[in-house]
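This report describes a ligand site and several local features of the backbone and side chains. Please look at the sequence and structure below before reading on.

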Amino acid sequence: MANNKFMGPTPSLIKLPDALDDIRLTGLPQAAYYISDFISQEEEQAILDKIASAPKPRWKQLSHRRLQTWPSDLVNNKLLDAPLPTWLNDPIIPRLKSIRLSHEPDSSDIFSDSPHQKPNHVLINEYLPGIGIMPHKDGAAYYPVVCTVSLGASLCLNIYKSKDDGALDPNPAWRILQEPRSLLVTTSALYTDFLHGIEDITEDVELSKNTIANWELLRSPEEFANGSNVRQTRTSLTYRDVMKVSKLGGKLGLLQKR
Ligand SMILES: O=C(O)CCC(=O)C(=O)O
C-alpha cells in the first residue's frame, strides 16, 4: 500500500453541493450552510504550513488568543486596497464562487451581490484548548456574509439571541459543530440579529442530533457518538467582503495634484 499520510478526498475529488440550499441548516433563521469536506487534507496542511511560516509580527497576540489579519487591519472600518496572498485565495475563493445559492436557473453565488463580488479580507484565529471568543456581532464594516473554514480540529460555535431588554441570553439558541476542513457560511438575519461566540472550554459536551444544528451534515457524527469533543488546537479562516476599500493609488494621485 502506498505510504500516504493523508486520508480523505484529494483536491480533484472534493464533491461540492450543487447549491447551498442543499446544505442549509434548516433549524436556524436565514441562513447558515455547512459543507463538511470543503478542502482536502493536503490543502488544509498547506494552509497551516503557510500560517506557521508567516513572519512573527504578522501575529497579533490577544490575552489568550492570537490572530493574523490579511491583507491588513481595518482602519475606521475601511480596508486599504491590497490583494490577498495566493495561498488564501486559491483554492478557497474560486471554490466559494463556484457554488450557486439555489437551483433557480438565474441563481448565482453567495457573494454575487456583495460590493466586490468576493471576499477581500481574511481573519485567521487560533484557538488552543480552553480558549474561545466572547459572543459578539461582526458589525457594519462587512457585507453580511461570513465564510469560515476550520483547520486542525473541531469545536462548537454558539449562536445567541438578545433578550427583550437587550441583554444577552447566556444559553446559546443553537450550536454548530465545525469539523476540520469544513466550511460554515452565515448570512442575513443570522449575521445582523444574532451574536456568535465560542466557549472557553476544553471539551464540547452534550453533542447529539438534538443539540447540534448541523448534525445531519457532519462528515463523521460517529466521532462524537459519546457526546463529547475534546478540544485540540483549531485554526479558523474567516472570509468576508469589507464594504469600504480605500485606494492608496487614489490618495497618492490626490497628493500629487496639490
Ligand atoms: O473562529 C471562528 O469560527 C469565529 C470567528 C469570529 O467570531 C469572527 O471572526 O468574528
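## Backbone and ligand site

Pro91 has its place in the loop between helix H2 (86-89) and helix H3 (92-97). The model discussed here is predicted. A cis peptide bond links Pro91 to Asp90, and its omega is about 15°. A second cis peptide bond can be found between Gln30 and Ala31, where omega is about -10°. Ala31 belongs to the segment before strand E1 (32-35).

Two further backbone details concern the angle phi. Asn76 is not a glycine, yet its phi is positive, at about 50°. This residue, Asn76, is in the loop between strand E3 (66-70) and strand E4 (78-80). Is Asn76 buried or exposed? With a relative accessibility of 72%, Asn76 counts as exposed, because the cut-off for an exposed residue is over 50%.

Glu206 also has a positive phi, near 55°, and is a residue other than glycine. Its place is in the loop between strand E12 (203-204) and strand E13 (229-230). The relative accessibility of Glu206 is 61%, so Glu206 counts as exposed.

The loop between E12 and E13 also holds Phe224. Phe224 has a relative accessible area of 2% and is therefore buried, since buried means under 20%. From Phe224 to Leu16 there are 208 residues in sequence, and the C-alpha to C-alpha distance in space is 24 Å.

Asp204 is placed in strand E12. Which is Asp204, buried or exposed? Its relative accessible area is 2%, so Asp204 is buried. The side chain of Asp204 makes a polar contact of 2.9 Å with the side chain of Arg231.

The next topic is the ligand. Where does the ligand sit? It occupies the largest pocket. How many residues surround the ligand? There are 14 of them, and the closest are Tyr127, His136, Asp138, Arg234 and Ser236. By type, the shell around the ligand consists of four nonpolar, seven polar and three charged residues.

Four strands each supply at least two residues of this shell: E5 (121-127), E6 (133-136), E11 (195-198) and E14 (234-240). Which strand gives the most to the shell? Strand E14 does, with four residues.

The table lists side chains that have a polar atom at a stated distance from an oxygen atom of the ligand.

| Residue | Side-chain atom | Ligand atom | Distance |
|---|---|---|---|
| Tyr127 | polar atom | oxygen | 2.6 Å |
| His136 | N or O atom | oxygen | 2.9 Å |
| Arg234 | N or O atom | oxygen | 2.9 Å |

On its own, the ligand has 290 Å² of accessible area, and the protein covers 95% of this. The distances for Tyr127, His136 and Arg234 can be checked against the cut-off for a polar contact, which is a pair of N or O atoms within 3.5 Å.

To review the residues by accessibility, Asn76 and Glu206 are exposed, whereas Phe224 and Asp204 are buried. The cis peptide bonds described above include the one between Asp90 and Pro91 and the one between Gln30 and Ala31.

How values were computed: Residues are numbered from 1 along each chain as its sequence is written. This is a predicted model: local features need pLDDT of at least 70, side-chain atom pairs count only at pLDDT 80 or more; totals for chains, interfaces and linings use all residues. Side-chain values use heavy atoms; hydrogens and water are left out. A residue is near a molecule or strand if one of its heavy atoms lies within 4 Å of it. A polar contact is a pair of N or O atoms within 3.5 Å; within protein, one must be able to donate a hydrogen and the other to accept it, and residues adjacent in sequence count only if both atoms are side-chain atoms. Accessible areas come from the Shrake-Rupley method with a 1.4 Å probe; for residues, only the protein chains shown count as cover. On a 1 Å grid over the protein atoms alone, a cavity is a set of points where a 1.4 Å probe fits but cannot get out, and a pocket is an open set with protein on both sides within 12 Å along at least five of seven lines; lining residues have an atom within 4 Å of a point. A molecule sits in a cavity or pocket if more than half of its atoms lie within 2 Å of its grid points. Ala, Val, Leu, Ile, Met, Phe, Trp, Tyr, Cys and Pro count as nonpolar, Asp, Glu, Lys and Arg as charged, and the others, Gly among them, as polar. Buried means under 20% relative accessible area, exposed over 50%, partly exposed in between (1.4 Å probe, protein chains only).
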